[in-house]
Amino acid sequence: MHGDVETATREELRTVQTERLQRMVTQAATVPYYAQAFEEVGVSPEDIDSIDDIEKLPFTTKEDLRDNYPDKLFAVPREEIVRLHASSGTTGKPKIVAYTRDDLKVWREAMARSLVAAGVSATDTVQNAYGYGLFTGGLGFHDGAEELGATVIPIGGGNTDRQIDFLEDLGSTVLSCTPSYCLYLAEAIEARGVDPHDLPLSTVIIGAEPFTDPMREEIEEALDVTAIDVYGLSEIVGPGVSIECAEVQNGLHVWEDFFYPEIIDPETGEVLPEGEEGELVLTTLAKDAMPILRYRTGDITSLNYDTCDCGRTHVRMDNVTGRADDLLIVRGVNVYPSQIEEAMLEFAEVAPHYRIDLRREGALDTMELTVEHHADVVDVAGLTERIRKKLNSKLGVKLSALHVVEPGTIERTTVGKVQRVFDHRT
């Protein structure tokens, strides 16, 4: 059953969003960074009369979070903060995020609501293979599952042999992990000689990495499960910002009473019309310790406001196709890694494991692609040529080298997010 808020009318949602945005802007104005940012664009909390006025507010970027490290964006006294997390950063300082006790309640509710949408109930056993610690994935899923009343196995990332033991011995019906680790686990289950049909596992909830529908289908077939896409980010709260409903699986419901989404042109910052693809921008509507206004996520997606067939009215975002900062420009051609993945996985003979190596030869950029074939492939040379032609015709990408290698050749990720692109140009 859906809660009343999940089937609220657009007008009811707008009323909640307006009230909460006004409170968030007032809260943010107590933070020196936001007070100065408001002054620079000539806006004050009194100027926010409705949710439509959100476009008057300045954007927040990941650089702003890093520049205000560690605690300059906190909007409450330190004694009111009960937890700190940090998002993984590839360069510079991590992004520190803070929570009051009420913030954790909101997070638990958003995550429990997400799990229900994914088809999880209090009778399920959730094997949580997201990492615990500073990364928000582990504790976010854990608290949400406990809030729902499900049984939680806090196994964390890695330790694959024990993961399989517990899937067999403890009757786990739901697994939460990254899509890349899900594939790795499927391979390990096959290598052990376990038949996935004999496991009680029925649902995997995968997130933290972009993935394509062919990759999802590979997971579902390999483990005999339904794979549900979940989305979140530490800067906003953690996992639980949005999720697919098990009934329809056509876009991820954003819980709009907690998080307000916009889509902008990543180049101009202009808000785009409904349905157009662009960069996702999110505003927290119920976060006291660290309100974040118009955060540029870098994730590329679109929004659909039609009421879902499941009955939920909250807007659906499309699967994230890539990140604005993941755009590869090779010899003048713009391409996202997910586009390469989608093109190569049109071949049934190809496994969803790949790596991209970018290099510079003289004044020219080059791209080298390595993919794995399935074990039963005989004509590797023919497959290689077909993949090359597909990428060239579909994406206009000319590879400096294409390697189609044996299963298991490409290094797997058992903990954390998988790295697909290796840039040797700098």
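Thr136 lies in helix α5. The model discussed here is predicted. Buried residues are those under 20% relative accessible area; Thr136, at 3% relative accessibility, therefore counts as buried. Leaving aside neighbours within four places in sequence, its contacts are His85, Tyr99, Trp107, Ser234, Val237, Gly238 and Pro239.

**The sheet and its helices**

Helix α5 spans residues 136-148 and lies across β3 (125-128), β4, β5 (174-177), β6, β7 and β8, running at about 65° to β8. Helix α7 also packs on the sheet, where it touches β5 and β6, and its direction makes about 125° with that of β5.

The sheet itself is open and has 9 strands in the order β4-β3-β5-β6-β7-β8-β9-β14-β13, with mixed pairing. Its edge strands, β4 (151-153) and β13 (303-304), each pair on one side only. Within the sheet, β7 and β8 are antiparallel to each other and share 4 bridges. Val230 has Ile243 of β8 as its bridge partner.

**Helices α8 and α9**

Which residues of α8 are buried? They are Pro214, Met215, Arg216, Ile219 and Leu223. The cover over these buried residues includes α7, β6 (203-206), β7 (226-233), β8 (238-244), α9 (337-344) and β18. Asp224 follows α8 and has a positive phi, near 55°.

Helix α9 is mostly covered, with 6 of its 8 residues buried. The buried residues are Pro337, Ser338, Ile340, Glu341, Ala343 and Met344.

Two of the α9 residues, Pro337 and Ile340, are touched by Ile356, which is found in strand β18. Ile356 counts as buried because its relative accessibility is 0%. Not counting residues up to four places away in sequence, Ile356 also touches Leu328, Met367, Glu368, Leu369, Arg420, Val421 and Phe422. The C-alpha atoms of Ile356 and Met367 are 6.8 Å apart, while the two residues are 11 apart in sequence.

**Pocket and cavities**

The second largest pocket has a volume of about 630 Å³. Its lining comprises 26 residues, of which Glu187, Glu190, Glu218, Ala222 and His374 lie nearest the centre. Two or more lining residues come from each of α7 (179-192), α8 (213-223), β18 (350-361) and β19 (364-373). By class, this lining has 15 nonpolar, 4 polar and 7 charged residues.

Cavities of 30 Å³ or more number 3. The largest cavity holds about 50 Å³ of space. Where does the lining of the largest cavity get the most residues from? Helix α4 (residues 101-117) gives the most, with 3 residues. The lining residues are Asp103, Val106, Trp107, Ile236, Val237, Phe258, Phe259, Thr284, Leu285, Ala286 and Lys287. Among them, Trp107 and Val237 are also contacts of Thr136.

The second largest cavity has a volume of about 40 Å³. It is lined by Leu65, Asn68, Tyr69, Pro70, Asp71, Lys72, Leu73, Phe74, Ile96 and Met290.

The linings divide by class as follows.

| Space | Volume | Nonpolar residues | Polar residues | Charged residues |
|---|---|---|---|---|
| Second largest pocket | about 630 Å³ | 15 residues | 4 residues | 7 residues |
| Largest cavity | about 50 Å³ | 8 residues | 1 residue | 2 residues |
| Second largest cavity | about 40 Å³ | 7 residues | 1 residue | 2 residues |

**Backbone exceptions**

Most residues other than glycine have a negative phi, and most peptide bonds are trans. Tyr69 and Pro70 are joined by a cis peptide bond, with omega about -5°. Pro70 is in the loop between α3 (62-67) and β1 (81-87), and both Tyr69 and Pro70 line the second largest cavity.

Ala208 is not a glycine, yet its phi is positive at about 80°. Ala208 sits in the loop between β6 and α8. Its relative accessible area is 34%, so Ala208 is partly exposed.

Arg294 likewise is not a glycine and has a positive phi, of about 50°. This residue belongs to the loop between β11 (278-284) and β12 (295-301). Is Arg294 buried or exposed? With a relative accessible area of 3%, Arg294 is buried.

Notes: Residues are numbered from 1 along each chain as its sequence is written. This is a predicted model: local features need pLDDT of at least 70, side-chain atom pairs count only at pLDDT 80 or more; totals for chains, interfaces and linings use all residues. Side-chain values use heavy atoms; hydrogens and water are left out. On a 1 Å grid over the protein atoms alone, a cavity is a set of points where a 1.4 Å probe fits but cannot get out, and a pocket is an open set with protein on both sides within 12 Å along at least five of seven lines; lining residues have an atom within 4 Å of a point. Grid points are joined across faces, edges and corners, and a volume is the space filled by probe spheres set on the points. Ala, Val, Leu, Ile, Met, Phe, Trp, Tyr, Cys and Pro count as nonpolar, Asp, Glu, Lys and Arg as charged, and the others, Gly among them, as polar. Buried means under 20% relative accessible area, exposed over 50%, partly exposed in between (1.4 Å probe, protein chains only). Contact means heavy atoms within 4.5 Å. Two strands pair if DSSP finds at least two bridges between them. Axes are lines fitted to C-alpha atoms, for helices over the stretch in contact, and angles run from 0 to 180 degrees between N-to-C directions.
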